[in-house]
Amino acid sequence: MKLLLQVGGIMALALLYYAYLGNYVPQKEVLPPEELKITADMTADEMAEAGAELYKGKGACGGCHTIGQSGSVLRFPDLGTIGSLAGTRIPGKNDVEYLSESMYEPNKFIVTGFNAGMTPTHKAPFNFSDEEILAVVAYLQGLGGTPNVTLATKTSYYSGASVDAAAGEAVTQDESATPETVSETVLFDKFKCTLCHSLSDDKKVVGPSLQKVGKRLSSAKLYESIMNPNAVIKKSYPKGVMADTLAASHFYTTITVNELKTMVDYLSSSKGGKK
C-alpha cells in the first residue's frame, strides 16, 4: 500500500510539472514575422531602420552583444559607439569595410580582450542576404555615428544590388527554391542553439556539448535545463549566460509547445555517437 501511494505521488507531481510547462510555454503557433523588404530606393536612414529590425530579430545579436547599458550579455564587444569606432579599428579600412568584414569574416580581426567564435552572418544559422548585411551595417553606423549606406554602396564583399526593374526591389532570395523541411536540426538553427552548443561531437563551444545528452539527462531535466537554465549549472560554466541569451533572443516568447517537445525528444534520443 505504501508503495502504491509513493508511485501515485510521483505520478501526481509529474502531471503537475507538465501542466506547469503547458501553461508557461505559448499554447498557439506563432506566425513568422512578415518578410522584410529592402528596396533600391531606400535612404540610409531607412536602411538603418531595417538593419535595426534584423539586429533584434533574425540575427538575435543581443544574445552576444550589448549596446551601452542595453542588454546583459557581453560575449562579444559592446556596440554602443561602434559607429564612431569602426573606422579606427583597422588601419586603411573605413567604417563600412570594417563592419562588413566583421559580419562576413568576424574572426579575421578580434578586438583585444575578446575571443574568436562569432559565426559569419551570411552562413547558417543566420543566412543573411548581402542586402540584409548592408542594412545592418547602416544600423551599426548609426550607433555613435551617421549612417550613409544604401544599396548603391559597394564593398569588398558586395558589388551592388540585384534589382527587379519592374518592382524596384532588391532580389534577396531565390523564390523558386523549395522550402526546407522543418526538422529537429532546423529548429536548433532557428533558435541559434548551435552558436553555443555542439550537437555532433564533444567540442566545447560556449556551452556544454549536447552529444549523448540523452544519457546524462532525463526528459524532465532537459525541459528544466531549457526553461530554467539557472537551476543546474554544469561545472566550469558561468551562471546566467544561457538564461540571458535565451531571453535576449526572445526564445521564450516565440517557441511553441510542439517545437519545445520536438527539441527535447531529439535531445533525449541523443545517446549514441562516437565514444
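The following paragraphs lead through a predicted model of a single chain, from its overall fold to particular charged residues.

The overall architecture comes first. The chain contains eleven helices and two strands. In sequence order these elements run α-α-α-α-α-β-β-α-α-α-α-α-α, with the two strands following five helices and preceding six others. Of the chain's 275 residues, 37% are classed as buried. Contacts between residues at least 6 apart in sequence give a view of how the chain is brought together: 61% of them link residues at least 24 apart. The accessible surface amounts to about 16,100 Å², and carbon and sulfur atoms account for 57% of that area.

On this surface, one group of acidic residues deserves attention. Asp41, Asp45, Glu46, Glu49 and Glu53 form a patch of negative charge. One of them, Glu46, belongs to helix 2, which spans residues 44–56. Glu46 has a relative accessibility of 38% and is therefore counted as partly exposed. Residues enter such a patch if they have over 30% relative accessible area and take part in no salt bridge.

Oppositely charged side chains also pair with one another. The whole structure holds six salt bridges, and three of them are described here in turn.

The pair Glu101 and Lys93 is joined by a salt bridge whose closest N and O atoms lie 3.3 Å apart. The two partners have contrasting surroundings. Glu101 has a relative accessible area of 3% and is therefore classed as buried, the limit for that class being under 20%. Lys93, with a relative accessible area of 26%, is partly exposed.

A salt bridge also connects Lys221 and Glu224, with an N to O distance of 3.4 Å. Both residues are found in helix 8, which covers residues 219–227. They stand three residues apart, or about one turn of the helix. Lys221 is partly exposed at 40% relative accessibility, and Glu224 is likewise partly exposed, at 24%.

Further along the chain, in helix 11 (residues 257–268), Asp265 and Lys261 are four residues apart. Because of this spacing, about one helical turn separates Asp265 from Lys261. Their side chains form a salt bridge in which the closest N and O atoms are 2.7 Å apart. Asp265 is partly exposed, its relative accessible area being 37%. For Lys261 the corresponding value is 43%, so this residue too counts as partly exposed.

Note on methods:
Residues are numbered from 1 along each chain as its sequence is written. This is a predicted model: local features need pLDDT of at least 70, side-chain atom pairs count only at pLDDT 80 or more; totals for chains, interfaces and linings use all residues. Side-chain values use heavy atoms; hydrogens and water are left out. Buried means under 20% relative accessible area, exposed over 50%, partly exposed in between (1.4 Å probe, protein chains only). Contact means heavy atoms within 4.5 Å. Accessible areas come from the Shrake-Rupley method with a 1.4 Å probe; for residues, only the protein chains shown count as cover. Patches are made of residues with over 30% relative accessible area and no salt bridge: like charges are joined within 9 Å, nonpolar side chains (Val, Leu, Ile, Met, Phe, Trp, Tyr) within 5 Å. A salt bridge is a side-chain nitrogen of Lys or Arg within 4 Å of a carboxyl oxygen of Asp or Glu. Lys and Arg count as positive and Asp and Glu as negative; His and the chain ends are not counted. The place of a charge is taken as NZ of Lys, CZ of Arg, CG of Asp or CD of Glu.
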